[in-house]
Amino acid sequence: LNDLERLLAIEEIKMLKARYFRCVDTKQWGDFEALCHADVLLDISADVPGGVITGTTKIVEMMKSSLSDVITVHHGHCPEIELTSDTTAAGIWAMEDVLLFPEGASSHIKSLHGYGHYIETYELVANRWRFRTIKLTRLRVDIERTTIR
Amino acid sequence: LNDLERLLAIEEIKMLKARYFRCVDTKQWGDFEALCHADVLLDISADVPGGVITGTTKIVEMMKSSLSDVITVHHGHCPEIELTSDTTAAGIWAMEDVLLFPEGASSHIKSLHGYGHYIETYELVANRWRFRTIKLTRLRVDIERTTIR
Amino acid sequence: LNDLERLLAIEEIKMLKARYFRCVDTKQWGDFEALCHADVLLDISADVPGGVITGTTKIVEMMKSSLSDVITVHHGHCPEIELTSDTTAAGIWAMEDVLLFPEGASSHIKSLHGYGHYIETYELVANRWRFRTIKLTRLRVDIERTTIR
């Protein structure tokens, strides 16, 4: 890729991540699905023990069941996107998330406020950039619980 | 527009929004005015019932009278900017705002902490990108009041 | 510089700032050092009276001694980057930071939550953009103390 093509790819990957966050926060699961490589791997084991999920279908199912009743805010900052080949790229995003759980949630969590980084890879499939791997690392998470467990 | 011109326009629109936030938060109303199309439409009806205001003069008046004594922080994240013609564009921004009202404010509000998206359009006028329409949507707003109303 | 070179420089400067924040928040002081011009000037006098420090070595020493035990989150938003020559640039970044101090910190501070702007300049040295000057201005800082002082 030449310089211009590289800049175009970087902008497209930034918009991919923007759509990812917006689709999660506005619960547009169909649009979310289209952003992912079929074999996308999501690693949220920093938050959920054993939380490594593979495949778009399973990830969307997990998100739907765990987040549909939750007000979520996901913000991404200061992307560092690097092309690793003409069809693959790597990225790091600083992040902040706020989750507000409904009353009586089975998790006994009222709210979660976290900070960290997404470490990601992307792949160009059928002329569109898609998520290949997403790993969340944490600097800090504050959880407010409804009961002492 | 070719690819390079499109990237240049996207970067200019990102800087337009950056200046919008900075001018509001540092109360530089003259500079703010210059960012807007004369017929700009601002829709903050998600926050203020009936809050649709047209025209730069009216918007600046409203902002001056409602925000001059308020410490405001507006942050924009993850822009999705699309050129819709050579002289028009559309954008979505994730956002967070924090407003801290002075003691004794007539609104009886101490603070507001909100999350949402700006849905916007832009127009190139006299070789500079300007705001044409701005609509705020909300994921969540937390308001702390000074009195029970 | 032509338009493409200018866009490339802007993207590199954005990534420079991304690395700055990430290196501070993950305490990678060696990587941090490499981002700075040898004579970099850091002005945090808005937070620390007299806090103007010159030279990478002194800045890294100060950061190591004051932040190694502190959980820090630094987020940058809405960059306004302007090339001022082929090898110099100026930037403004909206910012938010959250600092969580360890128990028993000598500062008697539990946490700091701030909002403001970084006003910066950059210089191209040995083909890489580096920080030349960094000045922090504040819109608002909330400090939670462990004792009344």
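This note covers chain symmetry, one interface and one loop residue in a predicted model.

1. Ground rules. Because the model is predicted, local features need pLDDT of at least 70 and side-chain atom pairs count only at pLDDT 80 or more, while totals for chains, interfaces and linings use all residues. Residues are numbered from 1 along each chain as its sequence is written, chains are lettered from A and ligands numbered from 1 in the order written, and side-chain values use heavy atoms, without hydrogens or water.

2. Symmetry. A turn of 120° with a shift of 0.0 Å along the axis lays chain C on chain B, at an RMSD of 0.0 Å. That is the relation of a three-fold axis. Chain C also superposes on chain A by a rotation of 120° and 0.0 Å of shift, again with an RMSD of 0.0 Å. Both fits are least-squares superpositions on the C-alpha atoms of residues with pLDDT of at least 70 in both copies.

3. Interface size. Chain C and chain B bury about 1,800 Å² between them, and 67% of that lies on carbon and sulfur atoms. Buried area is the accessible area (1.4 Å probe) that two parts lose on being put together, summed over both. The contact (heavy atoms within 4.5 Å) takes 20 residues from chain C and 22 residues from chain B.

4. Charged and polar pairs. There are 4 salt bridges between chain C and chain B. The rule asks for a side-chain nitrogen of Lys or Arg within 4 Å of a carboxyl oxygen of Asp or Glu. One of them joins Glu80(C) to Arg19(B), with the closest N and O atoms 3.6 Å apart. The interface also has 5 residue pairs in polar contact, both residues at pLDDT 80 or more. A polar contact is a pair of N or O atoms within 3.5 Å, one able to donate a hydrogen and the other to accept it; residues adjacent in sequence count only if both atoms are side-chain atoms.

5. Make-up of the chain C side. By class, the side of chain C that touches chain B has 11 nonpolar, 2 polar and 7 charged residues. Asp, Glu, Lys and Arg count as charged; Gly is among the polar residues.

6. Backbone check at Ala126. Phi of Ala126(A) is near 50°, a positive value in a residue other than glycine. Ala126(A) sits in the loop between strand S5 (109-125) and strand S6 (128-145) of chain A. Strands are DSSP runs (E, at least two residues), numbered from the N terminus. Ala126(A) is exposed, at 67% relative accessible area. Exposed means over 50% (1.4 Å probe, protein chains only). Ala126(C) likewise has a positive phi of about 50° and a relative accessible area of 67%.

Definitions and conventions:
Helix = DSSP H or I, 4+ residues; strand = E, 2+ residues; numbered from the N terminus. Buried < 20%, exposed > 50% of the residue type's maximum accessible area, 1.4 Å probe, protein only.
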